[in-house]
2 protein chains.
Amino acid sequence: MKRFAALAAAVLLAAPAFARLRTKVVDYKDGDVVLEGYAAWDDGFTDKRPGILVAHEWWGHGPYARKRAEMLAKLGYTAFALDMYGKGVYAKDHEEAGKLSGAFFADRNAMRRRAMLGLAELKKLPYVDESKLAAIGYCFGGTTVLELARMGADLKGVVSFHGNLAAPTPATETPKAKIAVFQGGDDQMTLPGLPGFEDEMRKVKADWELTIYGGAVHSFTVEEAGSDPSTGMAYNKEADERSWQAMRDFFAEIFR
Amino acid sequence: MKRFAALAAAVLLAAPAFARLRTKVVDYKDGDVVLEGYAAWDDGFTDKRPGILVAHEWWGHGPYARKRAEMLAKLGYTAFALDMYGKGVYAKDHEEAGKLSGAFFADRNAMRRRAMLGLAELKKLPYVDESKLAAIGYCFGGTTVLELARMGADLKGVVSFHGNLAAPTPATETPKAKIAVFQGGDDQMTLPGLPGFEDEMRKVKADWELTIYGGAVHSFTVEEAGSDPSTGMAYNKEADERSWQAMRDFFAEIFR
């Protein structure tokens, strides 16, 4: 337990005297298209800290991605929730979400460009250590951050939560980012993509890990997905908490 | 960071004033066969704490399992490294290890009986909270602890590191234990067993998770396995450290 005590003392010293969550809506552009992102950080720090990009689900930039950005800020990171679709564009139902995301699933260059624009906004934020960047994403956003890894973006790591793993334009070189992927063990929407993803990672000698949570279906981190797994999408508290903890461990390693 | 500070304070309070690792060789029996286990705990505590059973690799009870028991004791658990083969029986080469383990792979009843005898010894140790027990195992020992889960042993959790997952006598009811399995992404010895294992877990609605570490081969937690993955067995520091941390998170959850 001596190590615990030493760790605890170190944590106490690092804790800011007056932690305060700060957030800011950030407009930025892709050509003529206005995008609306959301920054979150804790100004109880005065030092530079790692920056985390947050990629939204197929619905679009909204409360869920903003909540995750705030959770990351409370952990001491500077976070930026990007916008893939455009300011104010948020799907009203599954059909619209499928159309909005489908355009980017079919055009990986566009997906990569919009993701990189979000990353550029993250780097502009206060207190970001540009040598310590990572990206996380949910569902469609999981795919988005994996595309950043595939294109060789200068990130320490990417984390995909229940993302679609299929890669029409797979990585051809070893990604700079370490890759952590979290899937539901009963997620019929993404499990078929696993073998292809694993082969892709092996071929380019990526640093990757994959965790499968038994009993979890798609959207297992999203409370708004409800509690009925038979619909194919449902919240799973255990898998949500475990994957968040696994992400924290992953960050501790890559930012060490 | 306020939560960090609160957590750190709690950890400081819980840390014992004079932590001291204690160990003890324990002889016990299966009929006429003498078995030699190894207990490890920290007597800086005076309260009851969770007990962890440690199941050895195919070599037999030896320094590796003892080291893991000591590591667990330093984390505040009471640990017992069991003996499956008999006092002083330790394979001198792969061939002998294959024979010794093969007898138990072929006789799951014998495997379960020896594992349960080890569990009984764990319960006798000082400071064990019998309502908070778990078992971890490596390689052959991973299979051993999974057999405990399959037979419905009264454990909060089992953790298998690079274990053989094939189950000639699969679980027929939901295991009491939550199950965490850690595999190497290039472990040709155990990967073929994954689909069957996942199906087994789904059928009995087990609480399970599986993590695959890209680039790791068999024995990835064992420094003595060397550093040449082309042999099929090699140490992988990253996968070793990640899986140990994942085990700690798993324990934090199941003993909460």
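These legends accompany close-up views of a predicted model.

**View 1. A:Ile179 and B:Ile179 in the nonpolar core.** The largest nonpolar core has 99 residues, and A:Ile179 and B:Ile179 touch the most other members. Setting aside neighbours within four places in sequence, look around A:Ile179 for its contacts, among them A:Leu146, A:Val158, A:Phe197, A:Met201, A:Trp208 and A:Phe250. A:Asp207 and A:Glu209 are also in contact with A:Ile179.

**View 2. A buried histidine, A:His56, in a loop.** A:His56 sits between strand E3 (49–55) and helix H2 (63–74) of chain A. Its relative accessible area is 2%, so A:His56 counts as buried. The A:His56 side chain reaches the backbone nitrogen of A:Met84 at 2.9 Å. Beyond four places in sequence, the contacts of A:His56 include A:His61, A:Leu82, A:Asp83, A:Tyr85, A:Tyr138 and A:Phe140.

**View 3. Two residues with positive phi, A:Cys139 and A:Ser219.** Most residues other than glycine have a negative phi. A:Cys139, though not a glycine, has a phi of about 60°; you will find A:Cys139 in the loop between strand E5 (128–138) and helix H5 (140–150) of chain A. A:Ser219 has a positive phi of about 65° and belongs to the loop between strand E8 (208–213) and helix H7 (237–254) of chain A. Both are buried, A:Cys139 at 10% relative accessibility and A:Ser219 with a relative accessible area of 5%.

**View 4. Helix H7 of chain B, from its cap onwards.** At the N-terminal end of H7(B), B:Asn236 acts as the cap, with a side-chain oxygen 3.3 Å from the backbone nitrogen of B:Glu238. The 18 residues of the helix should span 26 Å at 1.5 Å a residue, and the end C-alpha atoms are indeed 26 Å apart. B:Glu241 and B:Lys237 form a salt bridge, with their closest N and O atoms 2.7 Å apart; because these two are four residues apart in the helix, about one helical turn separates them. B:Glu241 is partly exposed, at 34%, whereas buried residues of H7(B) include B:Trp244, B:Met247, B:Phe250 and B:Phe251.

**View 5. Salt bridges within chain A and between chains.** The whole structure holds 50 salt bridges over all chains. One of them joins A:Arg112 to A:Glu147, with the closest N and O atoms 2.6 Å apart. This pair links helix H4 (residues 108–124) to helix H5 of chain A, 35 residues apart, and both partners are buried. A second salt bridge pairs A:Asp207 with B:Arg242 (3.4 Å, N to O), crossing from the loop between helix H6 (194–203) and E8 of chain A to helix H7 of chain B. A:Asp207 is partly exposed at 23% relative accessibility, while B:Arg242 is buried at 9%. A:Asp207 and B:Arg242 also belong to a salt-bridge network with A:Lys178, A:Glu209, A:Glu253 and B:Glu238.

Definitions and conventions:
Residues are numbered from 1 along each chain as its sequence is written. Chains are lettered from A and ligands numbered from 1 in the order in which they are written. This is a predicted model: local features need pLDDT of at least 70, side-chain atom pairs count only at pLDDT 80 or more; totals for chains, interfaces and linings use all residues. Side-chain values use heavy atoms; hydrogens and water are left out. A nonpolar core is a set of buried Ala, Val, Leu, Ile, Met, Phe, Trp, Tyr and Cys residues joined through side-chain atoms within 4.5 Å. Buried means under 20% relative accessible area, exposed over 50%, partly exposed in between (1.4 Å probe, protein chains only). Contact means heavy atoms within 4.5 Å. The expected span of a helix is 1.5 Å times one less than its number of residues. A polar contact is a pair of N or O atoms within 3.5 Å; within protein, one must be able to donate a hydrogen and the other to accept it, and residues adjacent in sequence count only if both atoms are side-chain atoms. A salt bridge is a side-chain nitrogen of Lys or Arg within 4 Å of a carboxyl oxygen of Asp or Glu.
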